[in-house]
Amino acid sequence: QVNYFRGDPEKEPNHSYFRIPKGHLFPAHWHTSNSYLVILKGKLVVGAENDTKGTALGVGDFAYEAEKWIHCGRCDAEECVAYYSVDGPDSYIDVKDKRP
């Protein structure tokens, strides 16, 4: 569940927060713009295409996701909540559909 609170995600830089249920998996994907993530609740594991084990991010942790960086993630807590900011229009491109 994504809640945008500033900017139009289809046209411009934007800010949002999202809630992720326990066990939810984000398969390998990438974005067309740089994005920034701060964990507000739970533990989100973020990995790269060649590092599916990933790194666990907890409350207060920050992650920078460079444009075109292929990554994946999963929520390893009862619920994960994260603040999310994007430098341009929001995107989510599955590597099965297209590679950068």
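Start by selecting Val38, which is found in strand β4; strands here are DSSP runs of E with at least two residues, numbered from the N terminus. This is a predicted model, in which local features need pLDDT of at least 70 and side-chain atom pairs count only at pLDDT 80 or more, while totals for chains, interfaces and linings use all residues. Residues are numbered from 1 along each chain as its sequence is written, and side-chain values use heavy atoms, with hydrogens and water left out.

Stay on Val38 for a moment. Is it buried, partly exposed or exposed? At 24% relative accessibility, Val38 counts as partly exposed; buried means under 20% relative accessible area, exposed over 50%, and partly exposed in between, with a 1.4 Å probe and protein chains only. Now add Gly60 to the selection. Val38 and Gly60 are 22 residues apart along the chain, and their C-alpha atoms are separated by 6.1 Å.

**The open sheet**

Next, colour β1, β2, β9, β4 and β7. These five strands form an open sheet in the order β1-β2-β9-β4-β7, with antiparallel pairing. Two strands pair if DSSP finds at least two bridges between them. Look at the edges: β1 and β7 (62-65) stand there with a single partner strand each, so one side of each is left without a neighbour in the sheet. On average, neighbouring strands of this sheet are turned by 25° against each other, direction ignored. Such angles are taken between N-to-C directions, run from 0 to 180 degrees, and use axes that are lines fitted to C-alpha atoms.

Zoom in on β1 and β2. Four bridges join these antiparallel strands. Select Asn3 and its bridge partner in β2, Tyr17. Then select Arg6, which stands opposite His15 in β2.

Which residues of β2 are on its covered face, and which on its uncovered one? Asn14, Ser16, Phe18 and Ile20 make up the covered face, and His15, Tyr17, Arg19 and Pro21 the uncovered one. On to the pairing of β2 with β9 (residues 79-86), which is antiparallel and has eight bridges. There, Phe18 stands opposite Ala82 in β9.

**Around β8**

Select β8 next. Four of its five residues are buried, so to speak of β8 as mostly covered is fair. Five bridges join β5 to β8, and the two run antiparallel; in this pair, Val45 stands opposite Arg74 of β8. β3 also pairs with β8 in the antiparallel sense, over three bridges, and Phe26 has Gly73 in β8 as its bridge partner.

Follow β3 to another pairing. β3 and β10 (residues 93-94) are antiparallel and share two bridges. The bridge partner of His29 in β10 is Asp94.

**Two loops**

Select His31 in the loop between β3 and β4 (35-41). His31 is buried, with a relative accessible area of 7%. Show the side chain of His71 as well: a polar contact of 3.3 Å joins it to the side chain of His31. A polar contact is a pair of N or O atoms within 3.5 Å; within protein, one must be able to donate a hydrogen and the other to accept it, and residues adjacent in sequence count only if both atoms are side-chain atoms.

Go to Ser91, in the loop between β9 and β10. Ser91 counts as buried at 16% relative accessibility. Add Pro9: Ser91 and Pro9 are 82 residues apart in sequence, and 8.2 Å apart in space, C-alpha to C-alpha.

**The largest pocket**

For the last stop, select Phe18, Phe26, His29, Tyr84 and Tyr92. They are the closest to the centre of the largest pocket among the 25 residues that line it. About 340 Å³ of space lies in this pocket. A pocket is found on a 1 Å grid over the protein atoms alone, with a 1.4 Å probe, as an open set of points with protein on both sides within 12 Å along at least five of seven lines; lining residues have an atom within 4 Å of a point. Grid points are joined across faces, edges and corners, and the volume is the space filled by probe spheres set on the points.

Which strand supplies the largest share of the lining? That strand is β2, with five residues. β1 (2-6), β2 (14-21), β3 (25-30), β5 (44-48) and β8 (71-75) each supply at least two. By class, the lining has 13 nonpolar, eight polar and four charged residues. Ala, Val, Leu, Ile, Met, Phe, Trp, Tyr, Cys and Pro count as nonpolar, Asp, Glu, Lys and Arg as charged, and the others, Gly among them, as polar.
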